[in-house]
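Good morning, colleagues. Please turn to the entry on the screen, which I should like to discuss briefly.

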Amino acid sequence: MVTVEYDSVKKAYGETIAIEDIDLEVDDGEFTILLGPSGCGKTTTLRCLAGLTEPTSGTITLDGHDVTNVHPKNRNIAMVFQNFALYPHMTVRENIGYPLKVADVDKEERENRIEQVAETLEIPELLDRDIANLSGGQQQRVALGRAIIRRPAVFLMDEPLANLDAKLKISMRSRIKVLQREMDITTLYVTHDQEEAMSLGDKLVVMDQGNIQQIGSPDEVYHQPVNRFVAGFIGSPSMNFIEVTHSEGQIQAVDAPAAFDVTLDDAVTKRYSGTDEMTLGVRPQYFTIHTDETANAVEAEVEVTEPQGDEQIVEVAAGDVSLTIVAPSTIDTTRGDTVWLTLEDELVHGFDPDTGDRIGDPEEMVATTRASSSAGSKS
Amino acid sequence: MATDTDGETVTSEVAQFSTDTSSREEVLLWVDDHLKWLMTIPAVLILFSLTFYPLLRALQFSTQSYLPTGTVFVGIENYVQLLSDGAFINSLVVTAKFVGIAVTLEFILGFAMALVLNKKIKVRGLWQTLILIPMILSPTVIGLIWRLMYAPNGLLDYIAAPLTGGANVGWISETSVALYSVILTDIWQWTPLVVLVLFAGLQSVPDDISEAAIMDGASRRQRFMDITLPYLKSLIVLILIIRLVDALRVFAKVFILTRGGPSDATNVISMEMYRTAFRFNNFGEASAMAVSLLVLVLILAMSFVNIANVEFGS
């Protein structure tokens with residue numbers, strides 16, 4: 001049973017603040033992802049737990065024990081680095097066995113454990129090879145092996161897949177997930193790749209500018225982003241943001257009042273009652289493209305289409321508003337065509353134009369989201 | 001046919017063109033083509049006249065005997081002579097002591113200082129600069145400075161007074177002390193080079209590898225033995241060879257400090273060589289010493305590289 005808790009952790013380098021105020025709880029065995037753009041402080045957050053970076057203030061506890069000032073080697077935490085950080089002068093066997101060697105585990109036991117780990121990672125044939133002769137994926141497995149051989153209390157991974165090619169990334173991703181489930185070790189994983197984050201994590205911690213923006217399940221951060229940053233960061237292609245005026249369910253884009261003028265259904269209207277101006281957020285997947293004129297739709301002109309196989313990304317312009325839409329590849333449109341876009345009302349988001357915070361009751365959102373997704377799966 | 005005619009026309013045009021080219025332009029073109037080789041001529045000449053030529057001459061001298069009536073070819077007799085030459089044997093022993101003690105201490109001290117510098121110490125830049133000073137002084141200047149400090153009632157006698165009760169140590173005049181004084185000077189001069197090279201090496205150890213070792217639970221000592229040392233292996237071999245070869249040839253410092261004395265206590269090989277050649281005018285034997293020293297240095301350096309490779313098992 002190992003839980004991790006950050007309490008008001010701050011790290012500053014002189015004037016530069018790397019992380020401002022981190023409060024975070026990670027449950028035993030939970031796979032937590034720290035997600036955010038470069039420089040958001042996610043790696044610093046991880047390194048504070050590892051003990052490689054000393055927080056300026058705040059405390060970090062492992063299972064209720066304050067470890068803020070405990071030496072890294074006494075924390076029983078294993079870490080996988082982005083560049084693998086394997087020992088170049090040692091063989092694969094020596095690399096994997098190193099944590100046991102320094103812990104004075106006797107040779108026989110050590111060899112057994114090395115063999116076991118190599119079996120788990122399917123690399124027994126590599127054991128006596130030199131590190132320099134391994135491919136990126138093989139090095140990655142060795143790095144994982146070195147981390148798991150000790151059966152640590154907590155597992156830290158700092159962008160472990162960033163240096164792998166796209167195909168390998170996906171296969172390693174599932175391997176890591178399986179490994180984490182089987183070993184049931186509390187894990188903190190840093191990445192800037194939201195797709196990776198969504199597919200791996202039990203819990204996503206979205207960070208920006210040294211602060212946590214939102215903590216939640218992959219579903220929650222995707223469907224109920226608490227602010228415009230999270231909404232824009234999660235999801236690919238990015239969410240469309242449109243400055244709109246609102247009155248009694250009628251919304252009009254500020255930059256294209258004639259083209260973008262739609263009526264929301266009653267349930268959604270209730271969510272935004274009392275709001276005159278807001279930033280409307282609509283994911284590219286939640287527009288539907290019609291090639292014939294449709295009622296209550298946004299009229300737009302196709303600028304460019306990008307075929308993606310099953311689907312296509314369509315860039316359109318409604319007046320001065322540019323929108324990105326994901327549509328089935330069966331829809332046949334080309335540059336210059338006029339199309340009509342309808343919104344899936346219940347899946348739009350409203351944000352305060354000044355603060356970027358979400359408008360509308362999240363509770364209600366969950367309900368609608370659940371309802372719509374279960375309805376979708378039944379159909 | 002048409003092609004043939006065309007071809008002929010072209011050829012004759014080329015011929016025409018080349019006869020039109022003045023000889024000056026031809027020279028310029030040639031120079032342009034061969035410029036890279038021309039540029040190396042001065043360096044090659046200097047290298048040849050200062051290194052290869054003397055070496056070949058030394059080889060030649062070492063097979064000759066110098067008599068008032070002229071030179072006589074004596075084959076390997078000079079080399080045979082060396083084996084029974086007490087002064088030469090003594091100089092070998094002195095040199096071995098000098099090299100062994102000086103290089104070992106320079107390495108240990110230098111490594112220690114490099115490790116300290118590698119920590120996040122204050123005003124590191126200042127320390128780096130200060131440490132480099134001895135290395136950039138000429139050996140002659142160093143010899144003169146230290147001779148002043150070693151002089152009876154000089155600075156070092158003054159510093160050592162609490163231990164010696166005010167008596168002069170005779171730093172460079174006492175048989176049992178003189179060699180160690182010369183060694184001390186050499187350490188002062190050359191430890192900085194070791195610091196410089198190993199510090200650069202330490203800086204090149206990637207942070208994440210050290211951090212990985214920390215996370216793996218390695219203690220400070222284990223990280224040093226398992227990560228840092230193997231990482232610096234080739235640099236360590238390099239600096240040891242550089243210092244070994246250089247220390248074997250030490251001359252200026254000894255010449256200025258002690259001239260090989262007192263009673264041959266600091267008479268290193270190159271000092272003995274100098275004496276044999278220029279005081280006893282025995283160029284034959286001196287050259288034989290020079291050639292022997294060269295062979296010795298080569299053997300040492302090469303075996304050192306081999307041993308290092310085997311030991312570290314790369």
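I shall speak about strand pairing in chain A and then turn to chain B. Please bear in mind that this is a predicted model.

Let me begin with chain A. In what order do the six strands of its open sheet lie? The order is β13-β12-β11-β14-β20-β21, and the pairing is antiparallel. At the margins of this sheet are β13 (261–263) and β21 (358–359) of chain A, each of which pairs on one side only. As a general reminder, the strands of a sheet pair through backbone hydrogen bonds, either parallel or antiparallel.

Within the chain A sheet, consider β11, residues 240–247, and β14, residues 277–282. These two strands of chain A run antiparallel and are joined by six bridges. Which residue of β14(A) is the bridge partner of Glu243(A)? That partner is Thr279(A).

I now move to chain B, starting with its hairpin. Strands β1(B) and β2(B) form this hairpin, with two residues between them. In chain B, β1 spans residues 64–67 and β2 spans residues 70–73; four bridges connect them in an antiparallel arrangement. Opposite Leu67(B) stands Gly70(B), in β2(B).

Finally, the annotation. The unreviewed UniProt entry assigns "transmembrane region" to residues 37–56, 98–117, 129–149, 187–206, 227–245 and 288–308 of chain B. How does the model render two of these spans? Residues 37–56 of chain B are 100% helix and 0% strand, with their end C-alpha atoms 25 Å apart. For residues 129–149 of chain B, the figures are 90% helix and 0% strand, and the end C-alpha atoms lie 23 Å apart.

Terms used
Residues numbered from 1 in each chain as written. Chains lettered and ligands numbered in written order. Predicted model: local features only at pLDDT ≥ 70, side-chain atom pairs only at ≥ 80, totals over all residues. Pairing = 2+ DSSP bridges. UniProt positions renumbered as here; feature names shortened; annotations may be inferred.
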